[in-house]
Amino acid sequence: MYLCPQPKILELKKGMFHFPVGEMPKMEKKKTPELSEKESYRINIDENGVLIEGADDKGLYYGELTLKQIMLNYRGCLPFLYIYDEPEFSYRGFMIDSCRHFFTVDEIKKMIDAAAFFKFNKFHFHLSEDQGFRVEMESYPLLTSVGSVRPSSNFGRGENDNTPYGGYYTKEELKDIVKYCEERHIEVIPEFDFPGHTTAVISAYPELSCTGEKLELKTTAGVFKDILCIGNPETLKLIYSVIDEFCEIFPSKYFHIGGDEAPKTRWLNCPKCKAKLEEEGLHTMDELQGWLVNEVAAYLKKKGRKAICWNESLNGGNLDKDNITVALWMDKTNKAIEWANGGNPVIMEKFTPYYVDYPYGMHSLKDVYIFNPRKVKGLSSLGAASVKGVESPIWTEYVRDFKTMSYMCFPRWLAVAETGWNGANPRGYQKFLKSAEFYSDILKGMGHNPAPKSEWNSAPHERLNKTVGFFRNTLTTETIKNFFKKD
C-alpha cells in the first residue's frame, strides 16, 4: 500500500470491506477527546465500514485524506486496518514566488491541491520583489499600477524578452485563494519583503529610497543596492499601510516580513539613515535593520499576528525574542543556530536541499528526503526542539510557467511532506521511492508535470554536469555586470 506521508501506526488485519466501485464506502466521522494531539486522527476499517476519529476538524480532514489515498490502492474494497497518526511538526510549508514570474489563480490552486493532498498546512505566498509587486493596493495605488510591470525579462540565457511583463492579484482573487486554502486547512502566509528586494516599491515611490532617484523595476535576478530608506519616516508609514491592507485579505496567524539580502551601502551614505542610527542609540546598520524588524513585529503583535523574517535579520544581534520566528535558509554566521539554541522558534528552509528551483542534479530527491531539520550542524537539544517545522520554496527567476514549476516541485515536495509529518527517516527511503513513483502518476491525473524518475537521483558525474549547465544558463552579460558593478 502506497501512502504519503506514511502514518505513524498502521496495522493491517485479516478481511476486506467491499463497496460498489465508484462510490465512497460506508463511513462515520467524529471528533473524540481521547485524541489530545492537534491534527491527530485514527482510522478503523472493519466489517461495519470506516470510522474516522479526529482530535479536531483538521484531524478529521487528514484522516479522510489518508482514506482517499488508501482507496487509490484498491478498487471496490478496503483492507481491515487500524491507523493512528499525528504530525511531527506543526508547520509544514511550501512557498511560491509569483513576483519573478506570475502565476494565475487557477495555477496557484493546482499547486494548493497537490500540497494539501500530502498534508502541507502552510502556504507562504511571496508577493513583493525587485521584479514586481503583485497585490492590488488602495492606500498606495502606484504599487500596483507602476510596481507590477517591468520593462522586460532577462533571466539568464533562456529568457531575453524585451516586452513589458506584469500582473497582479486583485483583493477578491486573493480572498478566493485564502478561502480555497481554508477549505483544505492551509494557512496562507503573505510576504511583504523589506527593506531589501524593494525595487518595485521604490519605482512607484522613489522618495522612499536613500537617493530619491527614479528606478525601473529590475529585469534580472540578483541582489540590488537600492533598498528602502529607514531614516525616512514615510517609509514606515508605507510599510504599516501595506501590512494593514494585507491583513484585511489574509487572516493568517503569521505574517512574513522578509529581511533577506539587504545591502547596507545606501544606508551607510544616507544622512537620514545615519541620523536614525544615532537617534536609536545603535552602532551598526545591521542593528538598524534589527530595530526595523522589532518595530514591525510589535506592530503585528498589536494586530494579533506573529512575524516571520529571514535569518539575515539576526545579523545585528538585537532582534527581540517576542513574537518573531526566524526562517533559516542560509546561515553563514550561525546566528539562526544561536537563536534556536536560545529556545527561539525557527523554520527550517535550508537552501540545501529545500530550494527546489535548483536542478535535481544539485538537490536530488534523496537529498531532500534524508535531510533532518533537527540535526543541522550546531543545534543543541534545545535548538532541535525549537525547530517548529519545515518549508520548501520555489523561487521563479528561472521558472517561467506552471509546467516547469510543477516539474521542479514534484516529487521533491513529497519528500518534504514526509519529513514535515514524520520527521526524518533515512531508512524509509526505498519505500518512499515506490510511493513517489505511485503518486507521480496520481499527480499527472491532477494536471501536474512531475519530473521523470530518471531525473530524481543522477550519478555523481551527471549531477555535476546538470549543475554546471544550470549555472551556465543563468548567467548573462547583464547579471555579470550587476555582480561586479561599483556603486
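**Exercise 1.** By the ring-pair rule, to how many aromatic pairs does the count come?

*Solution.* This is a predicted model, in which local features need pLDDT of at least 70 and side-chain atom pairs count only at pLDDT 80 or more, while totals for chains, interfaces and linings use all residues. Residues are numbered from 1 along each chain as its sequence is written, and side-chain values use heavy atoms, with hydrogens and water left out. Begin with the rule: rings of Phe, Tyr and Trp (its six-membered ring) pair if their centres lie within 6.5 Å, and planes under 30 degrees apart count as stacked, over 60 as edge-to-face and the rest as tilted. By this rule the count comes to 39 aromatic pairs.

**Exercise 2.** Classify the pair F117 and F118, and then the pair F120 and W413.

*Solution.* For F117 and F118, the centres are 5.3 Å apart and the planes make 80 degrees, so the pair is edge-to-face. Burial (under 20% relative accessible area; exposed is over 50%, partly exposed in between, with a 1.4 Å probe and protein chains only) is checked next: F117 has 11% relative accessibility and counts as buried, and F118, at 2%, counts as buried too. For F120 and W413, the values are 6.1 Å centre to centre and 55 degrees between the planes, which makes the pair tilted. This pair links distant parts of the chain, since F120 lies in the loop between α2 (105–117) and β7 (122–126) and W413 in helix α15 (residues 412–422), 293 residues apart; helices (H or I, at least four residues) and strands (E, at least two) are DSSP runs, numbered from the N terminus. Both F120 and W413 are buried.

**Exercise 3.** Explain why C4 has no disulfide partner.

*Solution.* Recall that a disulfide is a covalent bond between the sulfur atoms of two cysteines, and that the search takes a pair of cysteine sulfur atoms within 2.5 Å. The closest cysteine sulfur to that of C4 belongs to C409 and is 14 Å away, so it is too far for a bond. Across the whole structure, the search finds 0 disulfides. As for exposure, C4 is buried at 0% relative accessibility, and C77 is buried at 14%.

**Exercise 4.** Describe the surroundings of L277.

*Solution.* First locate L277, which lies in helix α8 (residues 271–279) and is buried, with a relative accessible area of 12%. Then list its contacts (heavy atoms within 4.5 Å): leaving aside neighbours within four places in sequence, L277 touches L282, H283, T284, M285 and L288. Finally, the C-alpha atoms of L277 and E287, 10 residues apart along the chain, are separated by 8.3 Å.
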